[in-house]
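Let's take a walk through this protein together, beginning with a single residue and working outwards. Have the viewer open and follow along.

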Amino acid sequence: MALLHCARPSTILLAMRPALLDPLFATVATLVGVGPKLADLLAKLLGRESVEESRVVDLLFHAPYNIIDRRNRPGIAHAPQGAIVTIQGRVDRHQPAPPGNRSAPYRVFLHDETGELALTFFRARGDWLSKALPVDEEVMVSGKIDWFNGRASMVHPDFMVKVSEAENLPLVEPVYPLTAGLSPKVLRRAIDGALSKMPVFPEWIDEALAARESFPHVADAFRDLHDPRDGADIDPQAPARRRLAYDEFLAGQLSLALVRQRLRKVTGQPIRAKGDFAAKILANLPFSMTASQSAAVKDILTDMAGEDRMLRLLQGDVGAGKTLVALMAMATAVEAGGQAVLMAPTEILARQHFATISRFAASAGISCEVLTGRTKGKERREIEERIASGEAQIVIGTHALFQDSVSYKNLVLAVVDEQHRFGVHQRLRLTAKGISPHMLVMTATPIPRTLVLAAFGDMDVSKLTEKPAGRKPITTVTIPTERIGDIVARLKSALAEGKKAYWICPLVEESEESDLMSAEERHAVLAKSLGADIGLIHGRMSGPEKDAAMLAFKTGETRLLVATTVVEVGVDVPDATIMVIEHAENFGLAQLHQLRGRVGRGDEASTCILLYKGPLSENGKARLSILRDSEDGFLIAEEDLKLRGEGELLGTRQSGTPGFRIASLEAHADLLEIARKDAAYTIERDPELSSERGRNLRTLLYLHRRDEAIRFLHAG
């Protein structure tokens with residue numbers, strides 16, 4: 001099991017990749033015509049950290065999202081406004097810009113049998129245009145038509161060729177996502193270069209399935225993807241896209257199945273205890289558990305008592321009490337003589353979990369420690385010693401928990417909070433610290449079943465569906481930003497009455513600078529208007545500064561906290577009753593629901609004010625009204641999936657299914673189910689992927705960068 005700890009790519013691993021894939025795993029900089037500047041742009045476009053990480057294969061997966069159809073040839077007089085058309089006509093005359101006036105356009109007039117068209121160029125070189133469009137020459141031009149005062153014009157045509165050279169004009173052209181500074185032509189050349197590097201792939205899909213689904217061979221699918229003939233080829237249901245989507249799902253499900261096979265192969269350490277520690281904690285709680293909390297605890301303890309390792313997902317809406325369920329499991333692990341860890345995605349959340357859990361755990365005599373990246377020097381060494389000796393029974397922290405210097409005496413349970421913020425390899429490195437500890441994954445983002453399948457495989461799932469007793473509903477209102485003055489006035493009187501409020505500012509762009517500016521500016525404006533002590537918290541502050549701001553808000557030293565989304569997950573101030581979210585239209589539904597969950601945690605009625613800047617799109621209106629009308633996180637998650645796609649829901653950046661570039665749950669849910677069954681059947685029949693199809697499937701895993709999973713075939 002210790003071999004799982006080798007979670008870094010290695011030269012051995014690279015040597016294991018089939019040689020036929022080597023041309024696809026060369027960097028994009030090796031393609032003809034790709035210099036350093038273009039390589040940087042491609043890395044940015046492909047979402048890679050550096051040029052070294054941007055591979056030729058990434059270009060193959062960069063799918064077009066639309067087409068330009070140049071087969072539309074209506075004739076000049078019949079060309080509709082705004083349409084992309086192809087016109088064949090004779091050049092009549094050139095009208096250069098007046099000398100000395102570089103801002104005036106250069107025009108070239110041509111006609112066909114229906115009318116006249118002006119081609120308009122800005123900052124154009126006349127000598128070049130004279131050669132490209134000689135007077136009296138029959139030419140073909142393609143571009144967008146604009147009508148003004150009854151005259152047709154085309155600004156900077158996309159293509160211009162003499163009729164004698166018309167075969168050079170692509171009639172159907174794919175449209176790709178781009179990045180600033182990268183032109184469609186240059187990108188297309190790079191993609192053509194990538195297509196030319198494709199090897200002869202083996203077939204890894206079952207023959208009967210490929211025939212039933214009309215899947216093309218994978219190389220043909222890539223070629224068809226980048227060479228759409230009409231609108232139907234861009235549709236997610238086009239055969240090429242379905243084939244590539246199936247491959248992605250199969251690679252994903254196969255890697256999850258391999259991970260699970262390896263984790264399950266190492267039998268779990270059965271955890272059985274009388275339940276004395278858990279009973280002591282429950283006796284000291286000021287409330288009793290809900291029915292779904294009790295059911296989840298029962299499922300978890302049953303799993304932990306078995307011979308197989310537990311791998312369970314605990315989904316609980318905001319404020320549903322997941323932490324208590326996790327504590328019951330951890331108390332049982334400690335009573336049975338083991339250690340438990342809880343890993344949180346942020347420093348704030350780790351320290352908050354520590355504050356809550358250590359308070360409750362003390363009543364059962366359980367010792368807790370907190371370890372984060374901020375713990376340094378002597379203090380860190382002492383904590384690590386207590387973990388190694390077993391004196392620390394519950395350890396709470398960030399990813400610092402699985403660093404090399406941390407070793408556990410007997411780690412039997414790992415709890416991972418907000419799983420989607422951690423990669424699968426981090427999960428594996430954490431489990432590698434124990435003799436195959438049981439694993440409980442928690443999320444406050446309710447995830448629809450199909451998404452659980454895509455991200456976690458066939459994990460057992462417990463759901464917390466009720467809110468703890470005594471929680472009042474939160475009144476949610478939507479108000480345009482023009483009325484911000486009214487909100488500030490109402491806030492002033494609420495603060496005077498001793499109430500506490502959050503004011504959330506958005507990330508204007510995905511950059512910490514802009515996040516900082518918007519929060520700091522709002523903080524300054526509110527401090528002036530309200531004249532009260534106002535707290536501020538944002539991502540650029542140091543850990544101690546954030547802690548100090550949170551503590552001041554908790555103790556009531558400040559009653560209004562201006563914040564960015566760093567307070568989204570897990571921050572617990574029970575007497576905060578007002579939540580203002582500025583520019584609510586810029587947030588995802590799931591995120592708005594998370595933020596709203598920061599209030600309504602005590603026994604007072606709470607309000608959430610969604611400030612929006614109009615006019616709202618139809619999608620924006622739908623999102624805000626769903627939030628206004630419902631507090632059911634599971635319903636909101638399903639609606640969010642429909643409105644925004646799966647990426648937003650799991651907090652991944654790109655829209656679309658997390659970790660997938662072509663596949664989409666909305667379009668390809670049927671394929672995910674087939675891939676899951678295919679993967680399970682394959683692993684059952686051929687656990688080491690050593691048959692002919694098994695070896696071909698290894699190639700698929702490498703093609704989709706699922707190297708992590710292949711390591712499990714060699715790990716034990």
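Start at Ser142, which you'll find in strand E5 (residues 138-144). Keep in mind that you're looking at a predicted model. Is Ser142 buried or exposed? Its relative accessible area is 0%, and anything under 20% counts as buried, so Ser142 is buried.

What does Ser142 touch in there? Setting aside neighbours within four places in sequence, its contacts are Arg70, Ile84, Val85, Thr86, Met154, Pro157, Asp158 and Phe159. Thr86 deserves a second look: its side chain and that of Ser142 are joined by a polar contact of 3.4 Å.

Now zoom out to the whole chain. It has 716 residues, and 53% of them are buried. Count up the secondary structure and you get 25 helices and 22 strands. Of the contacts with a separation of 6 or more, 75% are between residues 24 or more positions apart. On the outside, the accessible surface comes to about 31300 Å², with carbon and sulfur atoms accounting for 52% of that.

Next, find the open sheet of seven strands. Reading across, the order is E12-E13-E11-E14-E15-E10-E16, and the pairing is parallel. Strand E12 (368-371) and strand E16 (460-464) sit at the edges, each pairing on one side only. On average, neighbouring strands of this sheet are turned by 20° against each other, ignoring direction.

For a closer view of one pairing, pick out strand E10 (residues 311-316) and strand E15 (residues 438-443), which run parallel and share five bridges. One residue to click on is Gln315, whose bridge partner in E15 is Thr443.

Helices pack on this sheet too. Helix H10 (residues 291-305) touches E10, strand E14 (411-417), E15 and E16, and its direction makes about 155° with that of E16. Helix H12 (residues 347-362) lies across strand E11 (339-343), E12, strand E13 (394-397) and E14, and runs at about 175° to E12.

Finally, how far does the predictor's confidence go? The mean pLDDT of the chain is 83, with 85% of residues reaching 70 or more. Among the elements, helix H7 (residues 218-225) has the highest mean pLDDT at 97, while helix H22 (residues 646-649) has the lowest at 40. Residues 1-15 stay under 50, and the model gives them 29 contacts beyond four places in sequence. Residues 420-425 are also below 50, with 15 contacts in the model beyond near neighbours in sequence.

Definitions and conventions. Residues numbered from 1 in each chain as written. Predicted model: local features only at pLDDT ≥ 70, side-chain atom pairs only at ≥ 80, totals over all residues. Heavy atoms only, no water. Pairing = 2+ DSSP bridges. Helix = DSSP H or I, 4+ residues; strand = E, 2+ residues; numbered from the N terminus. Axes fitted to C-alpha atoms, helices over the stretch in contact; angles between N-to-C directions. Contact = heavy atoms within 4.5 Å. pLDDT = per-residue confidence, 0-100. Buried < 20%, exposed > 50% of the residue type's maximum accessible area, 1.4 Å probe, protein only. Polar contact = N/O pair within 3.5 Å; in protein donor to acceptor, adjacent residues only side chain to side chain. Areas by Shrake-Rupley, 256 points an atom, 1.4 Å probe, with all protein chains shown as cover.
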